[in-house]
Amino acid sequence: MKDIFSKEDRRLEYHLDPDQPVSLDDLENIGVKYWKIDVDDLEKDVTFTRIRKERCYNYQDMCEIHPDTLPDYENKLKTFFKEHLHDDEEIRLIMAGSGYFDVRDRDDKWIRIEVLKGDMLVLPAGIYHRFTLDKNDYIKALRLFKGVPVWTPHMRPADSKPARQEYLDLLKVID
Ligand code: KMT
Ligand code: NI
């Protein structure tokens, strides 16, 4: 993947040459979790109910990325696309629209994860990542959290953060 992005370029699909599709096992191997959820009937979706309970996700709100609904739209998008990590998991359930989460693999190379309606993704605390809209320029996502939400991004380099060290330890365990 090219690493210098214009506003348009970063909204494109990216493939290695030759193409190398990413499997759910590849994601699991770096601690990223994924489920498919029926967002048209969320409260009846047993997977969603189970995950929320098991993982203690007791907070949720809706994040709609559109110039009319997201205050400070342009700056927020810029920040989402700067490589960063969090002290906590980043949990998103896509209700509508689409976009890309880029995460670093074990070799520090980017993996581009396309998210669509019904995709539920958990990025572990301490993983370097970024987010961009795609060419459709719209996404609506449910943000979940355990406890009082903290969305603070720590821009790379953030290697001295405890969450980073804990993530590196996690990688050793799941290898
Ligand atoms: C984030 O933290 O990158 C976001 O909330 C992106 C929008 S949710 C798909
Ligand atoms: Ni983030």
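**Close-up 1. The loop between β4 and β5, with Asp108.** Asp108 sits in the loop that connects β4 and β5, shown here as it appears in a predicted model. The hairpin formed by these two strands has 5 residues between them, and within it the phi angle of Asp108 is near 65°, a positive value in a residue other than glycine. Asp108 counts as exposed because it has 7 C-beta neighbours inside 10 Å, and the limit for that class is 12 or fewer. The two strands themselves pair in the antiparallel sense over 7 bridges, and Arg104 has Trp110 in β5 as its bridge partner.

**Close-up 2. The other antiparallel partners of β4 (90-104).** Besides its pairing with β5, which is antiparallel, strand β4 is joined in the antiparallel sense to β6 over 4 bridges, to β7 over 5 bridges and to β8 over 6 bridges. Leu93 stands opposite Met120 of β6, Ala96 faces Lys140 of β8 in the pairing with that strand, and Tyr100 has Thr132 as its bridge partner in β7. In a regular strand the side chains alternate between the two faces of the sheet.

**Close-up 3. The largest nonpolar core, with Leu121.** This core holds 24 residues, of which Leu93, Phe101, Val103, Ile113, Leu121 and Leu123 touch the most other members. At least two core residues come from each of β4, β5 (110-116), β6 (119-123), β7 (129-133) and β8, and the largest share, 6 residues, is supplied by β4. When neighbours within four places in sequence are left aside, Leu121 is in contact with Val32, Tyr34, Arg92, Phe101, Ile113 and Val115.

**Close-up 4. The surroundings of ligand 1.** The residues around ligand 1 are Cys63, Ile65, Phe80, Glu90, Arg92, Gly99, Phe131, Ile139 and Ala141, and by class this shell has 6 nonpolar, 1 polar and 2 charged residues. Strands β2 (59-65), β4 (90-104) and β8 (139-145) each provide at least two residues of the shell, with β4 giving the most, 3 residues.

**Close-up 5. Asp137 in the loop between β7 and β8.** Asp137, which lies in the loop between β7 and β8, has a positive phi of about 60° although it is not a glycine. With 14 other C-beta atoms within 10 Å, Asp137 is partly exposed, because this count falls between the limit for exposed residues, 12 or fewer, and that for buried ones, 20 or more.

**Close-up 6. Two cis peptide bonds that precede prolines.** The bond joining Asp17 and Pro18 is cis, with omega about 0°, and Pro18 belongs to the segment before α1 (24-28). The bond from Arg156 to Pro157 is also cis, with omega near 5°, and Pro157 is found in the loop between β9 (154-155) and α4.

**Close-up 7. Helix α4 (residues 162-174).** At 1.5 Å a residue, the 13 residues of this helix should span 18 Å, which agrees with the 19 Å that separates its end C-alpha atoms. The number of buried residues among these 13 is 1, so α4 lies largely in the open.

**Close-up 8. Lys53 in helix α2.** Lys53 has its place in helix α2 (residues 46-54) and is exposed, with 10 other C-beta atoms within 10 Å. From Lys53 to Leu77 the separation is 24 residues in sequence and 31 Å in space, taken from C-alpha to C-alpha.

Technical notes: Residues are numbered from 1 along each chain as its sequence is written. Chains are lettered from A and ligands numbered from 1 in the order in which they are written. This is a predicted model: local features need pLDDT of at least 70, side-chain atom pairs count only at pLDDT 80 or more; totals for chains, interfaces and linings use all residues. The expected span of a helix is 1.5 Å times one less than its number of residues. A residue is near a molecule or strand if its C-beta atom, placed from the backbone, lies within 6 Å of it. Ala, Val, Leu, Ile, Met, Phe, Trp, Tyr, Cys and Pro count as nonpolar, Asp, Glu, Lys and Arg as charged, and the others, Gly among them, as polar. A nonpolar core is a set of buried Ala, Val, Leu, Ile, Met, Phe, Trp, Tyr and Cys residues joined through C-beta atoms within 7 Å. Two residues are in contact if their C-beta atoms, placed from the backbone, lie within 7 Å. Two strands pair if DSSP finds at least two bridges between them.
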